[in-house]
Amino acid sequence: MPGAVALHALAWFDSRQLASARWNLGALYLLPELRSPSLAPFVEQRRALRGRYAALARRAVLESEGGDRDGDDAALLDLPFRIVESVIATRADSDEAPSADIGRTLADAALRVLGVDGQAIEPHSRRALAAAGLADTAPTD
């Protein structure tokens with residue numbers, strides 16, 4: 001699967017999950033208690049997820065047609081993960097739930113920052129989620 005499709009699907013699914021869960025559990029990542037040794041596995045899982053985002057971002061950049069971005073720019077490759085995590089702060093800043101299309105908006109933004117057109121990727125992203133057995137949770141927004 002192309003990197004842009006995989007990244008878009010992951011960003012859409014993750015941001016939607018973070019936005020729609022009953023509790024804003026993503027905010028736990030920001031707590032100083034995460035430095036506790038007992039929470040090291042939790043921190044490592046987040047680090048692995050961040051690495052997965054960066055790897056997919058790198059593939060998306062390198063595979064993009066006419067891409068003039070640097071596939072080794074660590075700051076650039078970290079942006080899709082940070083964009084998805086922005087839903088955590090969005091929830092913390094408001095008593096209202098994020099808009100229904102937040103998943104698509106953030107997934108598109110995660111690609112746009114890399115110079116890739118997220119809207120062109122969307123149908124492929126939907127199919128990838130369905131193929132992964134996530135049809136019941138695939139984005140409909």
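Where in the structure do Arg82 and Glu85 both lie, and how many residues apart are they? Both residues belong to helix α3, where they are three residues apart, about one turn of the helix. Helices here are DSSP runs of H or I with at least four residues, strands are runs of E with at least two, and numbering starts from the N terminus.

The model is predicted, so that local features need pLDDT of at least 70 and side-chain atom pairs count only at pLDDT 80 or more, whereas totals for chains, interfaces and linings use all residues. Residues are numbered from 1 along each chain as its sequence is written, and side-chain values use heavy atoms, with hydrogens and water left out.

**Overall architecture**

The protein has five helices and zero strands, giving the pattern α-α-α-α-α along the sequence. Of its 141 residues, 38% count as buried; buried means under 20% relative accessible area, exposed over 50%, and partly exposed in between, computed with a 1.4 Å probe and protein chains only. The exposed surface of the protein is about 8200 Å², of which carbon and sulfur atoms supply 55%. These areas come from the Shrake-Rupley method with a 1.4 Å probe, and for residues only the protein chains shown count as cover. Among contacts (heavy atoms within 4.5 Å) between residues at least 6 apart in sequence, 75% join residues at least 24 apart.

**Salt bridges**

Side chains of opposite charge can pair when their charged atoms come close. The structure holds eight salt bridges, each being a side-chain nitrogen of Lys or Arg within 4 Å of a carboxyl oxygen of Asp or Glu. The table lists three of them, including the pair from the opening question.

| Pair | Closest N to O distance |
|---|---|
| Arg46 and Glu85 | 2.9 Å |
| Arg82 and Asp78 | 2.9 Å |
| Arg82 and Glu85 | 3.6 Å |

Arg46 pairs with Glu85. Arg46 lies in helix α2 (residues 40-63) and Glu85 in helix α3 (residues 74-92), so this salt bridge ties together parts that are 39 residues apart in sequence. Both Arg46 and Glu85 are buried, Glu85 having a relative accessibility of 14%.

Arg82 and Asp78 are four residues apart in helix α3, a separation of about one helical turn. Arg82 is partly exposed, with a relative accessible area of 33%, whereas Asp78 is buried at 17%. A network of salt bridges links Arg46, Arg50, Asp78, Arg82 and Glu85.

**Nonpolar cores**

In soluble globular proteins, nonpolar side chains tend to be buried together. A nonpolar core is a set of buried Ala, Val, Leu, Ile, Met, Phe, Trp, Tyr and Cys residues joined through side-chain atoms within 4.5 Å. The largest one has 25 residues, and Leu7 and Leu114 have the most contacts inside it. At least two residues of this core come from each of α1 (3-20), α2, α3, α4 (102-112) and α5 (118-134). Helix α1 provides the largest share, eight residues. Leaving aside residues up to four places away in sequence, Leu7 touches Tyr53, Leu56, Ala57, Pro80, Leu111 and Leu114. A second, separate core has six residues, among them Val87, Ile102, Leu106 and Ala109.

**Ser15**

Ser15 is found in helix α1 and is buried, with a relative accessible area of 0%. Apart from residues up to four places away in sequence, Ser15 touches Val84, Val87, Ile102, Gly103 and Leu106.
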